[in-house]
Structure formats: C-alpha cells, structure tokens
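Me: Could you take a close look at the cross-links in this model for me? I would like to know which parts of the chain the disulfide and the salt bridges tie together.

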Amino acid sequence: MRVPVTVLSIVSLVAAGVLAGVVLTAGSQAGLLGQAPVLVAQAGRGAQAPGGRGQAAGPAIPRTPDGKPDFSGIWQVLDNSTNGNVEPHAASYGVRAGQGAIVDPADGKIPYLPAALARRQENFKNRAKDPIAYCWKPGVPRITYIPFPFQITQTPKWIQMTYEFVHSHRNVYLNDSEHLPGIDFYNGDSRAKWDGDTLVVDVKNINDDPNRPTWFDSTGNYHSDQLHVVERYAFHGPDHIVYRATMEDPKVFARPWTLEVLLYRHKEKNFRIMEYECQVFKEKLALEGKRNLVVVEDNYAGPFVGREFHPNEKK
C-alpha cells in the first residue's frame, strides 16, 4: 500500500516535534545539573543554599557549665616576629622580618608623642639591654606573644594564666572587685568581665621601674607608669583565640593603639608547661665555656645579691 507523500510529511513533522521536545527536556535537565555546583559554590561563599537550607554550623567552641566560653588549655603565639617588633619591620640581627601586629592605627605604627620618640630611639640603640635578656618579667601584653607557651585555668570567678617563661603567672579576677590602689606589678593588676562571648580584661598598675622596665618588644618600644591595657580574648573556632590589646598612656602615646595576634591551642600528646629557669646570657656563657657560672653581672643589671640583681648598688 502506498501512502501519500503529504501523509508521510505530516507524520515526519510530528515525530520531529516529539523528538525535539525530548531533546529540549533532556537539555534543560542537564542545564540544571550543570548549575547545581555553582549554586552550592555560591552558598559556600555566604549565599543561601538551594531549598532554603543554610550552611552547616562550624565547630562549637568549648563552654563551661555556666555557658561561658572555656579558654582552659595551653596556648601560644606562633609568629615570633611580634616579640621582635610589634611594628612592621625588616629582618635584623636576632629579629626575623614581620608585618607587625598593630591593627589600629591603620599604618601599623605606635602613635608616640613627639617628646617620647627620643627615648624610643635611645632604647633601639641599646636594644641589647632588652629586659627579657636579663630574665625580667615581660609585662602585659608582651608576655602573651613571647615565644613561650602559657596555660589558662578557668573558674567562674577567677582565671589563672601560668607562663613557662621565668615562672610568671597572672591572676585574673571575675568577681567585680576593684584594682588594688598603690601597688604595681610587672604583669599588672587584672580585673575582667564578659562582653558576650569575649573575655575583657582591664589591666592597670603595671610596673615601670626605670632600672627594670617592661618593653612591648625587643627593639625598645616602651611605656610609662601610666600604661593602661584592655585585653580581649575571643574564640575563632575551638582551637584558636583572637587576642587584642589596646594600650593608652598619656605620657607616651598621642592616642590609644591596638595590636592583635592569634593564639594556637597546643594539642600534642602530653604537652605541658615545662620549667624554664632563665639564666642571663646563658648561650654566651656556654659558648665561652663558662657553664659553671649561674649569673653574669654588669653595670646595667648591677651585682647579683641573694636571689636578684641590684642595679643601684656597686660591687
């Protein structure tokens, strides 16, 4: 039986239309599948994922039974250049290059008063006299970013920070108590409160003995007896703490300034704070074959009598 050409043409057109519809449908589905990774990627950059489901929550931070962030653990700043100089700096003898830790002002420089710059420059010329080289306590905030770990032990009303360097420790009180009047400490007098999930520590009464000063770093950035420090500890995930310290000192600085460093939690097996018995210039003594000497005396430190140096006394 012969079918007219007209009928064949109609049938062919219908079949072609059906086939085109199938192809278009498949193409559309493939297009949607191709777009899916893009949507997921966009969701990963902060956009909402398809179906209104948000991103998965990050790791929860540790908390105490009363719901406060639990900073208990052993922590350490890994960027040792900050201890060398808190400002941006090139490499020099004993100090590796660094971008600095100051986040305010924006130029990363300490806003010294013009009259205070002369002493800073004098300190830099005599930076071999870095107080830490004489085993003196680093002071706040430097004790946080020297290349030694420290341990936080936390209770609801009291926090202790125990530092490996020269047996230092700090008591941070959360009991609404006032600063002790008329008493100075190398690491200051610390009173704290909570601001949401941020621990805010107010530090006053920081020692500024001209014979045993505390510097911000090993290049001589310094302060006076009017230094006031406000520290802020905030988790950045369960194993990192963003540490900020804002300094004001009307004798030395034109305005307050702030530095920021990142603290890393030590998670090595059996890691602990060890005993670090500091000895003045012990490396130098060892190289000179004088390991039997316990201390070294000079005009800066003064004679070693009893258990400490006496800078104002003659041998």
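Reply: Happy to help; here is a walk through the disulfide, then the salt bridges, then the confidence values.

This is a predicted model, in which local features need pLDDT of at least 70 and side-chain atom pairs count only at pLDDT 80 or more, while totals for chains, interfaces and linings use all residues. Residues are numbered from 1 along each chain as its sequence is written, and side-chain values use heavy atoms, with hydrogens and water left out.

Searching the whole structure gives one disulfide (a pair of cysteine sulfur atoms within 2.5 Å). Its partners are cysteine 135 and cysteine 278, with an S to S distance of 2.1 Å. Cysteine 135 sits in the loop between helix H3 (117-125) and helix H4 (142-145), and cysteine 278 in the loop between S10 and helix H5 (282-287), so the pair ties together parts that are 143 residues apart in sequence. Helices (H or I, at least four residues) and strands (E, at least two) are DSSP runs, numbered from the N terminus. The torsion about the S-S bond is about -75°, so this disulfide is left-handed. Cysteine 135 is buried at 16% relative accessible area, and cysteine 278 is buried at 17% (buried is under 20%, exposed over 50%, partly exposed in between, with a 1.4 Å probe and protein chains only).

On to the charged pairs: the whole structure holds eleven salt bridges (a side-chain nitrogen of Lys or Arg within 4 Å of a carboxyl oxygen of Asp or Glu). One of them pairs arginine 255 with aspartate 104, their closest N and O atoms being 3.0 Å apart. Because arginine 255 lies in the loop between strand S9 (240-248) and strand S10 (257-265) and aspartate 104 in strand S2 (residues 102-104), the pair ties together parts 151 residues apart in sequence. Arginine 255 is partly exposed, at 35% relative accessibility, and aspartate 104 is partly exposed at 32%.

Another salt bridge links arginine 265 to aspartate 239, with closest N and O atoms 2.9 Å apart. Arginine 265 belongs to strand S10 and aspartate 239 to the loop between S8 and S9, so parts 26 residues apart in sequence are tied together. Salt bridges with shared partners join Asp239, Arg265 and Lys267 into one network.

Finally, confidence: the chain's mean pLDDT (the predictor's confidence in each residue, from 0 to 100) is 80, and 71% of its residues reach 70 or more. Over residues 1-55, pLDDT stays under 50, and the model has nine contacts there beyond four places in sequence (contact means heavy atoms within 4.5 Å). Where pLDDT is low, the predicted coordinates should not be read in detail.
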